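Reader: I would like a close look at one part of this model, a strand and the residues packed around it. Please set that part within the rest of the chain.

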Amino acid sequence: MISALAWVRKGAAAEKPTTYEMTEEEYTRIQGIAALEIEDAKKELKEKSKLDDEILNDPALKDFDLDKYDDSDHGSDQEEAEGSAHVFSKIKGLSYYKEGEEDPYITFKDGEEDLEEDEADEVRIFGSDNLLLVAKTEDDISNIEVCVFEGESDNLFVHHDFMLPAFPLALEWLDYRVGRKAQEPGGGSYVAVATFEPRIEIWDLDTMDGMYPDLVLGCMDKKQLRKCRGKPHAEFHTDAVMSLSWNKNVRNLLASSSADTTVKLWDLNTGKCVQSYDHHKDKVQAVQWHPTEPSVMLTGGYDQRVAAFDSRAPNAISWWTMDADVESILWDIHSPSHFFVATEAGTVRYFDIRNVTNGQGAAPIYTLVAHDEAVSAMDQHPTVRGLLVTGSADETVKVWDVREHRPSMVISRNLDVGSVFAARFCPDEPMLMAVGGSNGESRIWDMSTNADVRSTFGDATVRAVPVVEKPLVGLQKDEDVDDDEDDNPDAVIAEMHGDVMQPLEAKPSDDDDEEDDDDDDEEEDAAMASDSE
């Protein structure tokens, strides 16, 4: 399953990523993290040992003499071990050699520099390449795949990856240096990851084979977390982190929303929570900073409400009530006084933030009945005004023309990714969209070659030039991977609600079938526009 996607713009990634090196300072940092983990493990072992003692001292089990259960086999096992050859019997011993040339097991010494250059060429990222970050879960294992997309050849491949402690829910790319490289000049390339754990991990994308994130935001004391699990806390989250938003104007601020009903602001310089908001009464599904007003943010939750407020004056909140749980929110970058709200009921509503009376927002400018199921993904074209894309658990991706507040569907496609959980426009090639879903596959769709999109949003010059639509580009899913409960989108959605490379051909679009023309007309009629003024 692919639960989240994020693009990295061209030129932001280091041309030659470094390999993780264990320095003295890094060793000390990791030792501290490991010490906490070991301490928690010891406490759990001690509790388990007490339980084992209670079981062994049960009068009903005394006749079985379980304390000496293994003693009869101990002597024979030892004799067998002594009489058999050790699997590593020919190894001279585990020794550490300061200089590589002294190590008898290093057999190649000539041409080592050439080998290093060849390896560096293999991992080089060119300035013309985009990175696509893919949050993926298979067989209880979650990781972030750092993929390179070569636009000239339409090639998508995994460059490197790193493991995650739990199922990922959100990704946010940022170029603000943190952790080991915080004092280095210039920007970096990092990704903040929200998971079912009550912590946020920030990883350095320019470092391969990393063992631990560069920065962790939240409480590391598991005992303390167990005591206040799910209860709001002023300094850290106590339940799953569901959404992230980096403030591009005040670059050291990261906002997060959680299933513990709070929204928190984190200072990336100190790694500490500087403000906590508890205005929602249920899980907070989404948070987003305003694109131009540095202190204004938008939040939406499972209490079926959306809030807009200034983070400096959190008591002055404007509220909008929805018809269902909020799935995602999005500021209109072409008209920053407006915003979109996608809901679990399959609708998208469009509001004017200025139209508020006594803290209560007015009715939506229009309501778009977009899908039959929850709108689980939504994005807006960064440069083409009025181009909105939605994705849903109904397995379709739809392109909408929302200009003049009169929404109409341009095209609906099944991109063969299952239930759609993520859809993101590329920042450098805006007509490229990455889509991921429950099948564990990602697709890159070049909309610039789609006839319906060209005829709707292109000018006369564009419409006059016929083109052949490009096939989708994606990474093939392993055929031998069996789906289990963690790859089941219904199971994941239920838990969240708490009650939580080769070009690939797409399935034909709904409006390509002449037999479905009537259905398409009905679907377009369902895009209703109601003027609130």
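Author: What follows starts with the chain as a whole, goes to one buried strand residue, and then moves outward to a second residue, two sheets and the cysteines.

The model is predicted. The protein chain holds eight helices and 34 strands. Of its 533 residues, 47% are buried. The accessible surface of the chain is about 27600 Å², and carbon and sulfur atoms account for 47% of that area.

The residue to look at is Val134, which sits in strand E3, residues 130–138. Is Val134 buried or exposed? Its relative accessible area is 1%, and since buried means under 20%, Val134 counts as buried. Which residues does Val134 touch, leaving aside those up to four places away in sequence? The list begins with Ile2, Ala4 and Leu5. It continues with Asn143, Ile144, Glu145 and Cys147, and ends with Leu171. Val134 can also be placed against a residue from much further along the chain: Ser442 is 308 residues away in sequence, while the two C-alpha atoms are 7.9 Å apart in space.

Two residues on that contact list lead on to a second site. Ile144 and Glu145 touch Val134, and Ile144 and Glu145 also touch His160. His160 belongs to strand E5, residues 155–164. With a relative accessibility of 8%, His160 is buried. Its other contacts, again without residues up to four places away in sequence, are Val146, Leu205, Thr207 and Met208. The side chain of His160 also makes a polar contact of 2.8 Å with the side chain of His159.

Leu171, another contact of Val134, leads to a sheet. Strand E6 spans 168–174. The sheet that contains E6 is open and has four strands in the order E6-E7-E8-E10, paired antiparallel. Its edge strands are E6 and strand E10 (215–217), each of which pairs on one side only. From one strand to the next, the twist averages 20°. E6 is joined to strand E7, residues 190–195, by six bridges, and the two run antiparallel. Within this pairing, Trp173 has Val191 of E7 as its bridge partner.

A second open sheet, further along the chain, also has four strands. Its order is E11-E12-E13-E14, and the pairing is antiparallel. Strand E11 (241–246) and strand E14 (272–277) are at the edges; each has a single partner strand, so one side of each has no neighbour in the sheet. Here the twist averages 25° from one strand to the next. E11 pairs with strand E12, residues 253–258, through five bridges in the antiparallel sense. One of the residue pairs is Val241 with Ser258, its bridge partner in E12.

The cysteines remain. How many disulfides does a search of the whole structure find? The result is zero. For Cys219 the reason is distance: the closest cysteine sulfur, in Cys228, is 6.9 Å from the sulfur of Cys219, too far for a bond, because a disulfide requires the two sulfur atoms to be within 2.5 Å. Cys219 is buried, at a relative accessible area of 9%. Cys426 is buried too, with a value of 0%. Cys147, for its part, is among the residues that touch Val134, which brings the description back to strand E3, where Val134 is found.

Terms used
Residues numbered from 1 in each chain as written. Predicted model: local features only at pLDDT ≥ 70, side-chain atom pairs only at ≥ 80, totals over all residues. Heavy atoms only, no water. Buried < 20%, exposed > 50% of the residue type's maximum accessible area, 1.4 Å probe, protein only. Areas by Shrake-Rupley, 256 points an atom, 1.4 Å probe, with all protein chains shown as cover. Contact = heavy atoms within 4.5 Å. Pairing = 2+ DSSP bridges. Axes fitted to C-alpha atoms, helices over the stretch in contact; angles between N-to-C directions. Polar contact = N/O pair within 3.5 Å; in protein donor to acceptor, adjacent residues only side chain to side chain.
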